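Here's a walk through a protein model for anyone who likes to check geometry by eye. Open the coordinates, keep the sequence handy, and follow along.

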Amino acid sequence: MPVPIRRLAVALTVCCALLAGSTAWAAPQSIGQHTTPAVAATDPTPSPTTSAEKQKFAKTRFVANAALAAGATYEWIWKPYKEGKFKKGAKHRKTTLLKAGLAGAFTYNRLKAAVRNAQGDPTLSKALAPLSAAIAGLKDLPNKLRKGDGSAAKSFNDTINKVKDAGKSAGAPVKNQVPSASELKSGS
């Protein structure tokens, strides 16, 4: 039975990573070099750091979270809305509305995470500052989506487009990334 090339590539990559990691760890052990961690003398008063300063890769994390939010909105809210699947009498309307409600909650969750990530980058935080009210306004929209309210779909799409524009203006362009069904169910 032939094995797909992607599985082979993933297996080879994992094996190489494990081999490289084990040899890197074993090399100092076999030579007999035992190092103990040294404690450096520093200023006795710790300097305060905000959570934004502690956050590494703020732009990258912002792009990842915003892309997942945009993908969920497009795939399970905007596209079904444009196809008329929220209208009364539409085939599989209840499951479409349920998926849209889940996607709405997921989108809200990921956008809140994206805003937290953006606070770690001064340019992004300035670009997203005007959008915090619009993102907070999405909190109640999943319930409206479940009831079939089309204005909720438009609100989600408008907010996602504003977040994409803000990211682009700050040097962090966002492209849609559709989350898996398990990510959608778990909310992250």
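A quick definition to begin with: helices here are DSSP runs of H or I, at least four residues long, numbered from the N terminus. With that in hand, G84 follows α3, and the phi of G84 is positive, near 80°. Keep in mind that this is a predicted model.

**Overall layout**

The protein comes to 9 helices and 0 strands, so in the DSSP sense the element string reads α-α-α-α-α-α-α-α-α from the N terminus on. Of its 188 residues, 32% are buried. Take the contacts between residues at least 6 apart in sequence: 78% of them join residues at least 24 apart. One pair that is distant in sequence is K175 and L68, which sit 107 residues apart along the chain, with their C-alpha atoms 8.7 Å apart in space. K175 belongs to the loop between α8 and α9 (181–186), and K175 counts as exposed, at 67% relative accessibility.

**Two helices, checked by length**

Does the rise per residue add up, and what do the helix ends say? The table puts the 1.5 Å per residue expectation beside the distance between end C-alpha atoms.

| Helix | Residues in helix | Expected span | End C-alpha distance |
|---|---|---|---|
| α3 | 25 residues | 36 Å | 33 Å |
| α8 | 20 residues | 28 Å | 29 Å |

For α3 the two values agree, and for α8 they agree as well. Still, α3 has a kink of about 40°, centred on Y74. Beyond the end of α8 comes G171, with a positive phi near 85°.

**The nonpolar core**

The largest nonpolar core has 37 residues, and the members that touch the most other members are F62, I77, L111, L128, L145 and V163. At least two residues of this core come from each of α3 (58–82), α4, α5, α7 (141–146) and α8 (150–169). The biggest share is from α3, which gives 10 residues.

V163 is a handy place to look at how the helices meet. Setting aside neighbours within four places in sequence, V163 contacts F62, A66, L111, L128, L131 and I135. V163 is also one of the buried residues of α8, a list that includes G150, A152, A153, F156, N157, T159, I160, A166 and G167. Which helices cover that buried set of α8? Among the things covering these residues are α3, α4, α5, α6 (132–136) and α7.

**Charges: paired and unpaired**

Side chains of opposite charge can pair when their charged atoms come close. The structure holds 2 salt bridges. In one of them, E75 pairs with K79, with the closest N and O atoms 3.4 Å apart. E75 and K79 are separated by about one helical turn, because they are 4 residues apart in helix α3. That fits the general picture: an α-helix has 3.6 residues a turn, so residues three or four places apart point the same way. E75 is partly exposed, with a relative accessible area of 25%, and K79 counts as partly exposed too, at 27%.

The other bridge joins E83 and K85, whose closest N and O atoms are 3.2 Å apart. E83 counts as partly exposed at 46% relative accessibility, and K85 counts as partly exposed at 34%.

Now for a charge without a partner. D121 sits in the loop between α4 (93–118) and α5 (122–128). What is the nearest side chain of opposite charge to D121, and how far away is it? It is K59, 4.3 Å away, and D121 is buried yet has no salt bridge. The cut-off explains why: a salt bridge needs a Lys or Arg side-chain nitrogen within 4 Å of a carboxyl oxygen of Asp or Glu. Leaving out residues up to four places away in sequence, D121 touches A58 and K59.

**An odd backbone angle**

Most residues other than glycine have a negative phi. H92 goes the other way, with a positive phi near 60°. H92 is placed in the loop between α3 and α4. Is H92 buried or exposed? H92 is exposed, at a relative accessible area of 55%, which is over the 50% cut-off.

Conventions
Residues are numbered from 1 along each chain as its sequence is written. This is a predicted model: local features need pLDDT of at least 70, side-chain atom pairs count only at pLDDT 80 or more; totals for chains, interfaces and linings use all residues. Side-chain values use heavy atoms; hydrogens and water are left out. Buried means under 20% relative accessible area, exposed over 50%, partly exposed in between (1.4 Å probe, protein chains only). Lys and Arg count as positive and Asp and Glu as negative; His and the chain ends are not counted. Contact means heavy atoms within 4.5 Å. A nonpolar core is a set of buried Ala, Val, Leu, Ile, Met, Phe, Trp, Tyr and Cys residues joined through side-chain atoms within 4.5 Å. The expected span of a helix is 1.5 Å times one less than its number of residues. The bend at a residue is the angle between axes fitted to the seven residues ending there and the seven starting there.
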